[in-house]
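Visitor: Please take me for a close look at a single part of this molecule, and explain each term as it arises. I should then like to see what lies around that part.

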Amino acid sequence: MTRLLITDDAAFMRMTLKKMVTDAGYEVVAEAENGLEAVAMYEEHKPDLVTMDITMPEMNGIEALEKIKALDPDAKVIMCSAMGQQKMVVDAIQKGASDFIVKPFDEARIKESFEKVMS
């Protein structure tokens, strides 16, 4: 079973995504509400896959992505962005993000992204 770390500063978004992914057969091993927490949780839990919001307090998703990739060059990180963040998405992909999904979350798109990244 694929083990997942969900990172989003909005509890509602984490809850929504968690329900979608657990329904799809993934296990959520940890949740983080900012980039600093995400890096610490990554080190602690070593998940197979990370979903990373881009815009968060403390440390944004792009900085957290860079730190996680420095810890583990093989880390699989899917960026989650709101509409209109194309420049940040491109930046994230260049820095090693595996894929990105746009909010509001679409269950079919999430499954497609996870399957692509994990295959």
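Guide: An axis is a line fitted to C-alpha atoms, for helices over the stretch in contact, and angles run from 0 to 180 degrees between N-to-C directions. The model is predicted, so local features need pLDDT of at least 70 and side-chain atom pairs pLDDT 80 or more, while totals for chains, interfaces and linings use all residues. Residues are numbered from 1 along each chain as its sequence is written, and side-chain values use heavy atoms, without hydrogens or water.

The part chosen is the packing of α1 against α5. Their axes are 10 Å apart and meet at an angle of about 65°. (Helices are DSSP runs of H or I with at least four residues, strands are runs of E with at least two, and both are numbered from the N terminus.) The crossing of α1 past α5 is right-handed, meaning that the near helix is turned clockwise from the far one by less than a right angle. On the α1 side, the residues that take part are Leu17, Met20, Val21 and Asp23. They meet Glu107, Ile110 and Phe114 of α5, where contact means heavy atoms within 4.5 Å.

Phe114 deserves a second look. The structure holds one aromatic pair, and Phe114 forms it with Tyr26. The two ring centres are 5.0 Å apart, with 90° between the planes, an edge-to-face arrangement. (Rings of Phe, Tyr and Trp, the last by its six-membered ring, pair if their centres lie within 6.5 Å; planes under 30 degrees apart are stacked, over 60 edge-to-face, and the rest tilted.) Tyr26 is in the loop between α1 and β2 (27–32), whereas Phe114 belongs to helix α5 (residues 107–118), so this pair ties together parts that are 88 residues apart in sequence. Both residues of the pair, Tyr26 and Phe114, are buried. (Buried is under 20% relative accessible area, exposed over 50%, and partly exposed in between, with a 1.4 Å probe and protein chains only.)

From Tyr26 one may pass to Met1, in the segment before β1 (3–7). Met1 and Tyr26 are 25 residues apart in sequence, yet their C-alpha atoms are 6.2 Å apart in space. Leaving out residues up to four places away in sequence, Met1 touches Gly25, Tyr26, Glu27 and Asp48. Met1 is nevertheless exposed, with a relative accessible area of 71%.

From α5 one may also step back to the loop between β5 (99–102) and α5, where Pro104 is placed. The peptide bond from Lys103 to Pro104 is cis, with omega near -5°. The side chain of Lys103 makes a polar contact of 3.0 Å with that of Asp53. (Such a contact is a pair of N or O atoms within 3.5 Å; within protein, one must be able to donate a hydrogen and the other to accept it, and residues adjacent in sequence count only through side-chain atoms on both sides.) Asp53 lies in strand β3 (residues 49–53) and is buried, at a relative accessible area of 3%. Apart from neighbours within four places in sequence, Asp53 is in contact with Thr7, Asp8, Asp9, Gly61, Cys80 and Lys103.

Two loops that adjoin β3 complete the tour. Lys46, in the loop between α2 and β3, has a phi near 45°, a positive value in a residue other than glycine. Glu58, in the loop between β3 and α3, also has a positive phi, near 70°. Lys46 is exposed at 51% relative accessible area, and Glu58 is exposed at 64%.
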